[in-house]
Amino acid sequence: MKWYRKHARELPWRGIHDAYATWLSEIMLQQTRVAAVQERYVQFLKQYPTLQALAAADERDVLTLWSGLGYYRRARMLHRAAQFVVRELGGELPSTAAELKTLPGVGDYTAAAIASIAFRESIAVVDGNVERVLLRIVGEPEVKTAAARARVAKVAQMLVPPAARGRGRAKGKGPKANPPGDHNQAMMELGATICVPRGPLCLQCPVVEFCRTRGEHVTVKREKQHVRRAAYLLATRTRDDRTEVLLEQRAQEASLMAGMFELPPLPLDAVSKHSPVLRVRHAITDTNYAVEVYAESEGETTGLRREVPARLADLHWAGVQQLNVLPLTGLTRKVLVRMGVMKLS
């Protein structure tokens, strides 16, 4: 705790006393880098400063603001959970991990994080960083079994200090003492900045004297990511002095990025005789995509638009001024920015 108070990074979701804001940060940080979340977190809170404001929002607007963070199911579940809390719980977030897990999109880790940080419940938070720290301290290898996970959880819970007296909801300024929440954040910070996966900074570690490993521990060999080639069409036209881009809306029942807008995908055999105007790498879950973008405008017809397999009903011409208010996929946003078609707002 002494190390944490001195060395913790300054992050916009630390030192706050707003359970909704803590919940938002934990959802955004799932499988997403801290650097990518910081600015978007501030923007999101500015647009939806309260749980009630989020519940009243249109899902499409929520997805637009989330665009670029990926894993869009998180945004949908966050929105639905906010509506549930307003409709069924009088607008008050549950204050225990057990109750929080009844909300859409809230699992064990997220529930424990919110309960300890926002409501001072004495419950351990175990993410990948905390698991790595604990395995190294106790000198055990990484084993992907239920029994191994249970052991890590048990050790983690043993270390969590009891809640300070006067435990209650984190409203307004609230009490400053929060041993469980501060401990959990300190453990996560230690794993994120010192006890890193490769080349841990043991000489800077505040608990090195207790560590049985003092270095990297034995880990399970990671599965190699799949590499897949993909092609997309960047078609533009001018109408009434306004530049428009052709976009395809993904099906509402799609397993990934449902309802989001993207550049129309092209069959790979249709682009064999054409040269891409842009090549980018883009990762989605466990797949790395080698993306090729092919351009077509009214003055430079390549015939590729006829090769787009999407239904006409799913294709839409969008003005470039509209792009920042549409729920675009992260890849589409990346391509349009790199091609100078849109600017990030």
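# Exercises on a predicted protein chain

Arg237 and Glu244 are joined by a salt bridge, with their closest N and O atoms 2.7 Å apart. The model is predicted, so local features need pLDDT of at least 70, side-chain atom pairs count only at pLDDT 80 or more, and totals for chains, interfaces and linings use all residues. Residues are numbered from 1 along each chain as its sequence is written, and side-chain values use heavy atoms, with hydrogens and water left out.

## Exercise 1: salt bridges

Task: State how many salt bridges the chain has, and describe the pairs Arg237–Glu244, Asp108–Lys101 and Glu189–Arg14.

Solution.

Step 1. Set the rule: a salt bridge is a side-chain nitrogen of Lys or Arg within 4 Å of a carboxyl oxygen of Asp or Glu. By this rule the count is 13 salt bridges.

Step 2. Set the burial classes: buried means under 20% relative accessible area, exposed over 50%, and partly exposed in between (1.4 Å probe, protein chains only). Glu244, the partner of Arg237, is buried because its relative accessibility is 5%.

Step 3. Take the pair Asp108 and Lys101, whose closest N and O atoms lie 3.1 Å apart. Asp108 has a relative accessible area of 55%, so it is exposed. Lys101 has 42%, so it is partly exposed.

Step 4. Take Glu189 and Arg14, whose side chains form a salt bridge at 2.6 Å, N to O. This pair links distant parts of the chain, 175 residues apart: Glu189 belongs to helix α11 (residues 179–193), and Arg14 to the loop between α1 (2–7) and α2 (19–28). Both Glu189 and Arg14 are buried.

## Exercise 2: helix α8 and the residue after it

Task: Check the length of α8, then say how its residues are covered and what they pack against.

Solution.

Step 1. Recall how elements are assigned: helices (H or I, at least four residues) and strands (E, at least two) are DSSP runs, numbered from the N terminus. The chain has 12 helices and seven strands.

Step 2. Compute the expected span, which is 1.5 Å times one less than the number of residues. For the 12 residues of α8 this gives 16 Å, and the end C-alpha atoms are 15 Å apart, so the two values agree.

Step 3. Look at the cover: 10 of the 12 residues of α8 are buried. Among them are Thr110, Ile114, Ser116 and Phe119.

Step 4. Find the partners, using contact in the sense of heavy atoms within 4.5 Å. The buried residues of α8 pack against α2, α7 (97–100) and α11.

Step 5. Move to Arg120, just after α8, where phi is positive at about 60°. Most residues other than glycine have a negative phi. Arg120 sits in the loop between α8 (108–119) and α9 (128–138), and is buried because its relative accessible area is 5%.

## Exercise 3: two loop residues and a strand residue

Task: Place Gln31, Arg212 and Glu292 in the chain and classify each as buried or exposed.

Solution.

Step 1. Gln31 lies in the loop between α2 and α3 (34–47). Gln31 is not a glycine, yet it has a positive phi of about 55°. With a relative accessibility of 62%, Gln31 is exposed.

Step 2. Arg212 lies in the loop between α11 and β1 (226–239), and its relative accessible area of 69% makes it exposed. Apart from neighbours within four places in sequence, Arg212 contacts Arg136, Ile137, Val138 and Gly139. Arg212 and Arg80 are 132 residues apart in sequence, and their C-alpha atoms are 45 Å apart in space.

Step 3. Glu292 belongs to strand β6 (residues 287–297) and is buried, at 10% relative accessibility. Setting aside neighbours within four places in sequence, Glu292 has contacts that include Arg229, Tyr232, Pro276 and Arg279.

## Exercise 4: the whole chain

Task: Describe the extent, burial and contacts of the protein chain.

Solution.

Step 1. Along its principal axes, the C-alpha trace spans about 70 × 50 × 35 Å.

Step 2. Of the 345 residues in the chain, 44% are buried.

Step 3. Consider contacts between residues at least 6 apart in sequence: 66% of these join residues at least 24 apart.
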